[in-house]
Every structure is written in structure tokens, then in C-alpha cells.
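Reader: I am new to reading protein structures. Could you take one small part and walk me through it slowly, then show me what else is worth a look?

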2 protein chains.
Amino acid sequence: MMSKYSIAEYRQRFAPVIEKIDEIIWEITKTRVGLINIATRDLVESGGKRLRPLLVVLSARLGDFDKEKIYHIASAIELLHMATLVHDDIIDEARIRRGEISAQSKFGKDVAVFLGDFMLSRAFDIFTLYLSRHSLRKLNKVVGLICEGEIDQYEDKFEYKVSIREYLRRIRRKTALLFGLSTYIGAYESGVRGRNLSNIYRFGLRLGTAFQIQDDILDFVADPEESGKAIGQDLINGIYNLPVIYLVQDEIFRDRAREILGKDRLSVSDVVDIINMVNNSKAINQSRELGKRYIEKSQKYVEHLPDERVKEELNFILSLQLNRQQ
Amino acid sequence: MMSKYSIAEYRQRFAPVIEKIDEIIWEITKTRVGLINIATRDLVESGGKRLRPLLVVLSARLGDFDKEKIYHIASAIELLHMATLVHDDIIDEARIRRGEISAQSKFGKDVAVFLGDFMLSRAFDIFTLYLSRHSLRKLNKVVGLICEGEIDQYEDKFEYKVSIREYLRRIRRKTALLFGLSTYIGAYESGVRGRNLSNIYRFGLRLGTAFQIQDDILDFVADPEESGKAIGQDLINGIYNLPVIYLVQDEIFRDRAREILGKDRLSVSDVVDIINMVNNSKAINQSRELGKRYIEKSQKYVEHLPDERVKEELNFILSLQLNRQQ
């Protein structure tokens, strides 16, 4: 109840920003090729939270805010994110993404590969137009690290002996770096430097980590109707995320969990067993605790920021994050 | 015999350039992730002709040649090309590429998607470092058009009623634009402007068209041992290229060809029938004629260039193109 109210509040509070972002994405991806327009429209209309571009915009308000420039950069960040989702879906063979049929199962992987590439090229064109070379290079580095992370994750598939430290390293590249990049370039491109720049960057990184932890929890406890994500998707794909890592260390369920996860192939009932064990063990609570620690870390960086209005918005986002159901 | 000799001569003549290009590609793609290094090494060692980066280098010699800069740009162009090959293979499900098992069948599409993205991000980083904003924007535009072309090609799959005009439009985006871009940015980044710039650009576009036409011919007549490409690959994938388009217009074979290509699914014997008809009809000769016309157009643009040594190298490449078997 509480969480549903919060998401509604989020959408209401940031509606003008989100609408503007969607408008620009729609405008910069427009093309003569009908299939691309259909796919982009689906992605825009599927109604993501636009959290990354929102972070660009809010961070930019710490400095000299150039609306035209910042909103274009923010939209390109979301487009880059959408491109990674489209490519991700080819790998996961995910049929549902944000409650919608994914691009890959709708059009086939033929289209999904180059649809993602097309989005990347349009995002890069906006970046080329508006970003300083310093930010462009930081962006390229982050995109490279995201790709490395995805390939590492592939190599670690079906590997359940993962330490929390290794897990954190994985989700840094998978999610946190793009959050960090969003806050960084928003601020940097508005002329923010020094302590303020490093605080907003660190805030973004920690928030991104907390965000991914919550995503991982939702893979086990979410209501698919509400989250738009089928349960156990990561597990089925051999991506053993935080709750599973805790489960494998759980005194009561450890042996049974290892026995199942050590198999060459998981049956449907194996998957159900793991999901039930996760829900009956301390794994979910432990994951929540870790997520909470990262939210608290983010809060610490917000405290030192100079702008009261921005601080209030960022704290609102943090408070919502803790109870996010989608 | 003649053609084999020529390819050997090409490799010998341009060995120093090709070695330097490979060295830089290897250096800019180096990463901590083992799988990426293995895949990149395979791609580098599979020994492509490095025609696109060579065009960058030769075109750059028309102006003020900055070795460090031009060789890096040239290598990034080849890396961009490799990335599109890796992504292409996901679509084609090609198992053989340049005589080697393709990245996708070796590592699975999980890796191939993000391997391609990784290469793109490294290429973009080099472009960001060395290219003027003018060239960067031209590059982004070309990459966008290539993606649009790939998606268009997907929509036109199994469509045999294609005019020569539509075909030329398709291969412009598929191949010719990247050739044109290579000659353009090589020259532009060396300070070439005006007539010389537009002549070298047009040369590149026409050469690219001729190159793709020859590729399409080789899909029907190549010796797989020599070309490193299985025969009839495009045909099987529903990409009806130039010889098929001519076959469908051939007085003798038209009806039989249309009957087969109109089927919902081609059997192996259907594919063999089409290949045989192509080889027995005028389709191959007509395709060769069209390719030759584009070579002649390219030659015309070379004539007007100001540098005798560059002209000689470009004419050598053109003469080789006509008889290329791989």
C-alpha cells in the first residue's frame, strides 16, 4: 500500500521532467524505418521510471543549469540504458520486460541486435553534440566496463560460490556505474567541480548499488502483476544474485541449496525449491539490510550537497527506493 | 591463379600498414576479461584484408599526414567493422566467418552481443580522442544508417521482387557508406577539403558498392576453401542479393525461379536449384558487369586526385577488386 502510493507520488512529482525526457527520446529516435519507430514507441510507452535521466537533471541543478543541453544529455542516458536492456533481452531471452513483451520476442533477435545498436548510435550523436570531451571519455569508459561486466557475468553463470565482495563488484558494473555516470555528467556539465562533484558521484554509485540489490530481491518476492517482471528470471538464467548468495551461506539451508545448485541442469521444481528456501531463510532480510546500508551511505553524501531543493528531491528518491516494488 | 597472386601481392604491398593496424587494435581492445581477449585475438588473427583502415590511411596521405592520429582512427574503423560483423553473425547464425568459426557459435550469443558492444565502445573512445566533432557527427550518422539498413534488410527478407535501384540503396547502407566514411575521414582529418575531399569520398562509396556486388557474386560462385565463406549463405538466410534479383528477371529462368522463391520455406534442394539456375543463367555475368561499372566510376574519381603515389595505390586496389575471390 505504502509503496504503491510512493511510486504514484514519484510519477506525479517528476511528471514534467519525465514527459520532457520521453518527448526528446521520441524525437531523437525518429526514423524512416517503421519497425524502429514501433519498437521505440513501445519502449517509451512501457513507462519506465526514468530514474537515470532524472538523476542527470537533479544533479545538474547543483550548478548552472542549461535546460536544452541537460535534457538532451539526460534523454541520451535513458536511450543508452534502453539499448542495454534490448541487448540484455537477447541474452536472457526474456519475454517480459517492464510488463511488456520484450523487443526480442516481438521482432526476433535479428531486429533486437541492430535496434539496440541504432539506439546506441543516436545516443552517441547526442552525447557528441552536447558533452565535453572529458565527459565523453568517461562515458566511453563506463560503457566498456558495462560490457565487460556482462561478459564476466556470463562466465560466472551457474556459479553459486560467489562472495558478497565479488557480487558487489559485479553489480557495480552492471548497474551502479551508470547511476554514478548520470549524476557525474549532470553535475560536471553544469560546471560543478571539487567536493560537490565527488559527493554527487558517490551518491549515484551507492544509490545504483542499492537499486540493484532491491532488483535482486524483487526477483524472489515481487508480485509479477505489479513489478512487470516474472519471478525467478535471473535464477532460471543461471545468474545467482544476492539472495541466492546468502542462501548458500545459510546454516539451515546451505547443504540442500548447494546440492540443488550443484546440478548440471535445474528442473522447474529445483527452481521452485530455491525460491521457497530463499523466502523461508534469512536471505531476503540480509539482502534488505545490505541494501539499506547503501541507502544510508548515499544519504551521507546528500547531506553535504549545497542546494536544499536538490537535497530534498534526492532524499525523496532514496526513501522511495527502500520500499520499491517495481 | 591470377587472383591468388594479386591477393598475395596486396598483402605484401601493404604489410607494414596492416601490421600496424592489427597492433593498435590489439592494444586498444586489451582488457582484464579473458574471454574478450580471446575473441579479439581470433578476429585479428583471422586475417581480414583490412581494406577499410587501409583506405583511411591512403586517403589521409592526400593531406597532412599525422601518423599517430591516422593509424588510430583507421584501427577504430576496422574495430567498428568487426563489431558489426560480430552482431551480424548473431542474426545470420553464421558458423563460418572468414574461414574461422564465428564468435557467436564459439561463445554463444550471450557473449557475442556484448563483445560487439565492447568493441563499439572502444572504437568510439578512439574516435572521441582523435576525431573532430564534424567527423564524429558524420560517423554517428553513418552508424545509424547502417543499423537502419540492417533492419530494413530484415523486413525485406524473402522478398525477391526487388529492383536494382532498391538493391543499390540497400548495399549503400550495408557496405558502401562505411567505405565512403573511411576515405572521407582519412582525408578530412588530414586537412583535405573541397574537390579533393568530395572526389575521394565518392571514390570510396563506389568502391564499396563494387565490393558488395563482388561479395554477392561470391555467395554463388566462391570456392569455400578459398573464400572462407560457405556458399549460398545469404540465400539460405532469405537475403536475396544481386544474382538472385537478375535471375528473377531472366527470360529463361524467371518462372521457375519465382515459383521456388514464392514458397513459404525453401528446402535444401530448392536452394541448390536456385544456385544452379544462377550459375546457368546470365545473372552472374550481369552482376559482374554492374560491379565493373562501379569500378570504372571509382577510377574516374581517382584520376582527379592530386597525389601520384596515392593514385597508384588506389588503382592497384581497384584492379584487384575486379577479380577478388575472397
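Reader: Where in chain A is A:R50 found? Please look closely at that spot, then move outward.

Author: Keep in mind that this is a predicted model. A:R50 sits in a loop of chain A. That loop runs between α3 (34–45) and α4 (51–60).

Start with the backbone. Most residues other than glycine have a negative phi. A:R50 has a positive phi of about 60°, although it is not a glycine.

Now look at its cover. A:R50 has a relative accessible area of 1%. Buried means under 20%, so A:R50 counts as buried.

What does the side chain of A:R50 pair with? Side chains of opposite charge can pair when their charged atoms come close. A:R50 forms a salt bridge with A:D22. The closest N and O atoms of this pair are 2.5 Å apart. A:D22 lies in helix α2 (residues 15–28) of chain A, while A:R50 is in the loop between α3 and α4, so the salt bridge ties together parts that are 28 residues apart in sequence. A:D22 has a relative accessible area of 17%, so this partner is buried as well.

Put the picture of A:R50 together. The residue is in a loop. Its phi is positive. It is buried. It is joined by a salt bridge to A:D22.

Next, the other salt bridges. The structure holds 31 of them over all chains. One is between A:D152 and A:R173, with the closest N and O atoms 2.9 Å apart. This pair links distant parts of the chain. A:D152 is in helix α8 (residues 133–155) of chain A, and A:R173 is in helix α9 of chain A, 21 residues apart. Are these two buried or exposed? A:D152 is buried, at 12% relative accessible area. A:R173 is buried too, at 7%.

Chain B offers another case. The side chains of B:K263 and B:D270 meet in a salt bridge, 3.0 Å from N to O. Here the cover is uneven. B:K263 is partly exposed, with a relative accessible area of 41%. B:D270 is buried, with 5%. Salt bridges can also share partners. In chain A, they join A:R13, A:E312 and A:E313 into one network.

Some charged residues gather in a patch instead. A:E155, A:D156, A:E159 and A:E166 form a negative surface patch. Take A:E166 from that group. It lies in helix α9 (residues 164–188) of chain A. Its relative accessibility is 45%, so A:E166 counts as partly exposed.

Go back to the backbone for a moment. B:F158 is a residue other than glycine with a positive phi, near 65°. Its place is the loop between α8 (133–155) and α9 (164–188) of chain B. B:F158 has a relative accessible area of 45%, so it is partly exposed.

Now the rings. The count comes to 17 aromatic pairs over all chains. How are the rings of A:F124 and B:F124 arranged? Their centres are 4.3 Å apart and their planes are at 15°, so the pair is stacked. A:F124 lies in helix α7 (residues 109–130) of chain A and B:F124 in helix α7 (residues 109–130) of chain B, so this pair joins two chains. A:F124 counts as buried, at 6% relative accessibility. B:F124 counts as buried, at 5%.

Another pair has a new geometry. The rings of B:Y10 and B:F14 have centres 5.3 Å apart and planes at 70°, so they are edge-to-face. B:Y10 is buried, with 2% relative accessibility. B:F14 is buried, with a relative accessible area of 2%.

Return to the stacked rings for one more detail. Ring pairs link A:F124, A:F127, B:F124 and B:F127 into a cluster.

One last stop is A:V221. It is found in helix α10 (residues 194–221) of chain A. At 30% relative accessibility, A:V221 counts as partly exposed. How far is its C-alpha atom from that of A:N276? The two C-alpha atoms are separated by 9.9 Å. Along the chain, A:V221 and A:N276 are 55 residues apart.

How values were computed. Residues numbered from 1 in each chain as written. Chains lettered and ligands numbered in written order. Predicted model: local features only at pLDDT ≥ 70, side-chain atom pairs only at ≥ 80, totals over all residues. Heavy atoms only, no water. Patch = residues over 30% accessible without salt bridge, like charges linked within 9 Å, V, L, I, M, F, W, Y side chains within 5 Å. Areas by Shrake-Rupley, 256 points an atom, 1.4 Å probe, with all protein chains shown as cover. Salt bridge = Lys/Arg side-chain N within 4 Å of Asp/Glu carboxyl O. Lys, Arg positive; Asp, Glu negative; His and termini not counted. Charge placed at Lys NZ, Arg CZ, Asp CG, Glu CD. Helix = DSSP H or I, 4+ residues; strand = E, 2+ residues; numbered from the N terminus. Buried < 20%, exposed > 50% of the residue type's maximum accessible area, 1.4 Å probe, protein only. Phe/Tyr/Trp six-rings, centres within 6.5 Å; stacked < 30°, edge-to-face > 60°.
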